[in-house]
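Reader: Please take one part of this model and go through it closely, keeping the cut-offs beside the terms.

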Amino acid sequence: MRFVDQPHHDGSALYVSTLEPELGGHVVVRARVPLAAEVTAVHVRTVYDGEPRFTEARRTSFQAGGYGAADEWWEAEITAVDHVTPYRFLLHTAYGQAWLTAAGLVEHDVTDATDFRLVAHEAPPAWTKDAVVYQIFPDRFAQSKPLDRDALPEWALARDWDGDAVIPSGPGTAEQFFGGDLDGVIEHLDHIQELGVDTVYLTPIFPGRSNHRYNASSFDHVDPLLGGDAALLRLSTALRERGMRLLGDITTNHCGDAHEWFTAAVSDVNAPEREMFYFDPDTGDYEAWFGVKTLPKFNWGSPLVRERMTAVLTKWLDVLDGWRVDVANMTGRRGADDFNHEVAASLRRAVSSTRPDAAFIAEHNHDATTDLDRDGWQGTMNYGGFTRPVWTWLRGDDLDLEHFLGVPGGVPSRDGGQALASFQAFSAHMSWRSFTHSWQLLDSHDSPRARTVTGTQERHLVAAGLQATLPGVPMIFAGSEFGLTGVNGEHSRTPMPWNRPQDRDESTHEAYKTLFALRRAEPALRHGGLRWLHADADCLVFLRETAEESLLVCARRAPGEPLALPFDTRALGVYNATDLDDLVIPGDGPGLRVWRLATGT
């Protein structure tokens, strides 16, 4: 598939005059149109008060990147009449009409679902778009002192950091305890920062009767097994001294069955806390996350839930820089009850009013698009629109997993065109703002490891290269930089191999440092638009563009034929690439390469 000759628009600053429009504000939007498309006129279709309106666009002398003489630019001024204003381009050509939407170019009528969007809701904090996030599962990252087996609670199954394998499933899975703590994180901040990371995300730090702590028994203090409140303050202070940030993990959908709110509700049917949960009035049974009785579900129809959870989220923002919200997609939803959008917006406003620069990111491992652009979650963990297509394209030949992030039947093998179709199917149903503030992850504490999925270092680094060069916020799961493996979420929570050099792939580690340093150094990789140029079974090619520069990225999962692009310019090697006088991309692979298109030609 070849897209280089197609008209293009995205929500980046190259194509939209302001990325944070005020309600009622005027915004100039641009479309880049190849001369070969023979476009004679352009209109921008918006929807005002539920009714389509058309604004005639005009040709402009605007140019970007110093090349592209075979393109012309059209622009029009539209108004952000609502908090979300949809728009698309109507192209009049010598052959008829075509629509340019976020899903691409089509020659038939389509619904508004994939229109571009101007979003006038309060914008996410500026720093989040530049962030590289590092996820830490505290029990497995680092010990600041040897594990004191005699001091462990009765539920904990003591394990040796370097001597015991992780139990991947069955008895002991949630109870195995390796003893990582927050002071241990502080001791390895040099390692984290050298990766190009500026934001540390901790999975839950509140006490709970498990190693994962998603079954919180309190939200009032940090688990003493992690070092308590004082250790969290020490970690936050150490990060801020380095210009870095710290995010927490909060369960807004449920708590643990040992939580003081739930024990009060269970012990007294007349307790005010009773309304905070879903109890059957006849049997006394209660709703729990996926029926797991240690995780009773909150009833967000209860004013007391709203009051108390809002207080929890705001309380910790003096030491945290925001939250990742666990199972955000299920929060406030049970049967006919659906408070999700209302709750997300209410909590976001409370968080932002307490800490205007706080991040607020939703976990969602399938289709988050209908929950975004609603003044709530600033973005999502983009499993559906990034992790899944990357896995299907780069999966190893011998991969044998029981399911595909919850979908039965294992990870399917798909070609580059199919992977691109998945990328676009998700990004087209959200605003550019939500897309670029969502986390792009290859793996997490809830999934198999990227190295296990891809099967080889070469394909793993192609995946990491896509994470570093595509729009969105990269989220690295601690240990993936060493090529750690794991067949499921539990198995992937391997204690970090600080003292096991045989388990560290240092060449992968060095490649990660180089890739994410490149992202930090290149504005186009953090703020640029995205223009897909080519997709075939084994090769994906795209541009990241600002008004000042254009970076060309080629990702190959296997060797193929060289690829000629119709740009009359030189390409200067930036990553894993040599300079090209004629723009013919080499066919060797697997690998990812980056060039800068020369200007002034």
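Author: Helices H6 and H7 cross in a right-handed sense (the near helix is turned clockwise from the far one by less than a right angle; anticlockwise would be left-handed). This is a predicted model, in which local features need pLDDT of at least 70 and side-chain atom pairs 80 or more, while totals for chains, interfaces and linings use all residues. Residues are numbered from 1 along each chain as its sequence is written, and side-chain values use heavy atoms, without hydrogens or water.

H6 spans residues 303-315 and H7 residues 340-354 (helices are DSSP runs of H or I of at least four residues, strands runs of E of at least two, both numbered from the N terminus). Their axes come within 9 Å and cross at roughly 40 degrees (lines fitted to C-alpha atoms, for helices over the stretch in contact, with angles from 0 to 180 degrees between N-to-C directions). H6 is therefore oblique to H7 (under 35 degrees is roughly parallel, over 145 roughly antiparallel, 65 to 115 roughly perpendicular, and the rest oblique). On the H6 side, Arg 306, Thr 310, Leu 313 and Thr 314 make the contact (heavy atoms within 4.5 Å), and they meet Glu 342, Val 343, Leu 347, Ala 350, Val 351 and Thr 354 of H7.

Elsewhere in the model, five strands form an open sheet in the order E24-E25-E26-E30-E28, with antiparallel pairing (at least two DSSP bridges between two strands). At its edges are E24 (529-536) and E28 (571-575), each of which pairs on one side only, and neighbouring strands are turned by 25 degrees against each other on average, direction ignored. Within this sheet, E25 (residues 539-545) is joined by seven bridges to E26 (residues 550-556), where Arg 556 is the bridge partner of Cys 539. Across E25, E26 and E30 (591-597) lies helix H12, residues 457-469, which runs at about 35 degrees to E30.

As for single residues, Gln 440 belongs to strand E22 (residues 439-441), and it counts as buried because its relative accessibility is 2% (buried is under 20%, exposed over 50%, partly exposed in between, with a 1.4 Å probe and protein chains only). Leaving out residues up to four places away in sequence, Gln 440 touches residues including Asn 382, Phe 386, Gln 467 and Pro 471. The C-alpha atoms of Gln 440 and Pro 471 are 8.3 Å apart, although 31 residues separate the two in sequence.
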